[in-house]
Amino acid sequence: MRTVVIVGGGIAGLAIAAELRRRSPSAAVTVLEASPRPGGSIRSTEESGFLYEWGPTGFLDNAPDTLDLARQAGLGHRLLPANAEAARRFVVRGQRLRELPHGPLGFFASSLLSAKGRLRVLREPFVAAKRDGVDESVLSFATRRIGKEAAEVLVDAMVTGIWAGDSRRLSVVSAFPKLVALEREHGSLVRGMLARKKGAGGPAGPSGTLTSFPEGLEELPTAIAASLGDSLRLSARVTGIEHATRPWPSCISGLRPRTRARSSPDSAPSRRGAKPIPSSEFSSPRTSSQAGHP
Ligand SMILES: Cc1cc2nc3c(=O)[nH]c(=O)nc-3n(C[C@H](O)[C@H](O)[C@H](O)COP(=O)(O)OP(=O)(O)OC[C@H]3O[C@@H](n4cnc5c(N)ncnc54)[C@H](O)[C@@H]3O)c2cc1C
């Protein structure tokens, strides 16, 4: 019987555990989660009748895997698409809430950007494309294409909303590969979007409807966690990983007794010569903030 230990009970660890159990019901799967609650950065709370999302507010329903995950967790009937009437978005600028304009006409009539900033956006189709293939930050990409003001006001807000990350540190190739492809293939984002609209290249940006659950996105990790039962151990911070006497890695949690995981030498040959991961790697685990989150 295969024993698998997953470090971290955020949505990634929980989803892997659920999928492992589905594919290999005989496997002994343990998820070790440092905090007293599952879900990691997905957290929804209710106060005075208002629902607060502390992390992501939903997921796009164009990814079948996410929908499958929700359905397999028994939440198929609770899927809740965002209300189309709530599509208005606001950005705080100059201590005022300003609505994000819809469509090109609305954009040029809006006071969200200065006249100079709006004119700079207009120049986008005429800005030379970068074709050296070298990655850059999202902010650097956006500044080149649409100018500093639009990049700092619009793109930074968009990146914070989607990735909760720092646009100066996020890789544009990883975060927005479709935009990079538009510049590479069409020399300009505007020209590329128009070409895709005409052809069958699909939308340039994210498509699909933002989807959540009546009591917030945390319903998803909570349901998966419940399905895992005792396999999920909360308040169990992993402090190191070391090899046992055999060439199989052992995973040690900060708790006693030690939690062991075996990986067959056949399926994980590269690990045989691997060095133990020192406890210091785990005493200050990579947190969201180190990964570019605010
Ligand atoms: C404000 C905000 C908005 C976001 N908006 C979106 C969005 O709109 N769309 C989108 O797709 N994504 C969004 N994200 C990103 C999304 O939330 C994350 O990508 C996703 O939740 C990460 O899941 P994860 O399981 O990989 O990591 P995490 O959620 O960070 O979970 C990692 C878990 O590992 C645990 N852990 C860490 N170290 C140890 C250890 N040593 N031992 C045991 N356990 C440990 C932690 O306690 C944590 O529970 C947003 C994030 C934030 C913060």
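**Notebook: cores, ligand shell, helix 8**

I started with the nonpolar cores of this predicted model. The largest has 22 residues, and Leu14, Ala17, Val31, Leu220 and Ile224 make the most contacts inside it. I then checked which elements feed this core: strand 1 (3–7), strand 2 (28–32), helix 1 (11–23), helix 2 (64–72) and helix 10 (219–228) each put in at least two residues.

Next I picked out Leu14 and ignored its neighbours within four places in sequence. What does Leu14 touch then? I got Gly9, Val31, Pro38, Pro221, Ile224 and Ala225 as its contacts. Apart from the largest core, I found another one of 19 residues, including Ala142, Leu170, Val172 and Phe176.

On to the ligand. I looked up its shell and got 26 residues, with Gly8, Gly10, Gly40, Pro56 and Ala164 the closest. By type, the shell splits into 13 nonpolar, 11 polar and 2 charged residues. Helix 1 gives the largest share of the shell, 3 residues. I note that helix 1 also supplies at least two residues of the largest core.

Last stop, helix 8, residues 177–186. Which of its residues are buried? My list reads Leu179, Val180, Leu182 and Glu183. Looking down the axis of helix 8, I see these buried residues fall within an arc of 155°, so they line one face of the helix. I also asked what they pack against, and the partners are helix 5 (138–146), helix 7 (172–175) and helix 9 (189–198). Just past the end of helix 8, I noted Gly187 with a positive phi of about 80°.

Key
Residues are numbered from 1 along each chain as its sequence is written. This is a predicted model: local features need pLDDT of at least 70, side-chain atom pairs count only at pLDDT 80 or more; totals for chains, interfaces and linings use all residues. A nonpolar core is a set of buried Ala, Val, Leu, Ile, Met, Phe, Trp, Tyr and Cys residues joined through C-beta atoms within 7 Å. A residue is buried if 20 or more other C-beta atoms lie within 10 Å of its own, exposed if 12 or fewer, and partly exposed in between; C-beta atoms are placed from the backbone. Helices (H or I, at least four residues) and strands (E, at least two) are DSSP runs, numbered from the N terminus. Two residues are in contact if their C-beta atoms, placed from the backbone, lie within 7 Å. A residue is near a molecule or strand if its C-beta atom, placed from the backbone, lies within 6 Å of it. Ala, Val, Leu, Ile, Met, Phe, Trp, Tyr, Cys and Pro count as nonpolar, Asp, Glu, Lys and Arg as charged, and the others, Gly among them, as polar. The arc is that of the directions from the helix axis to the C-beta atoms.
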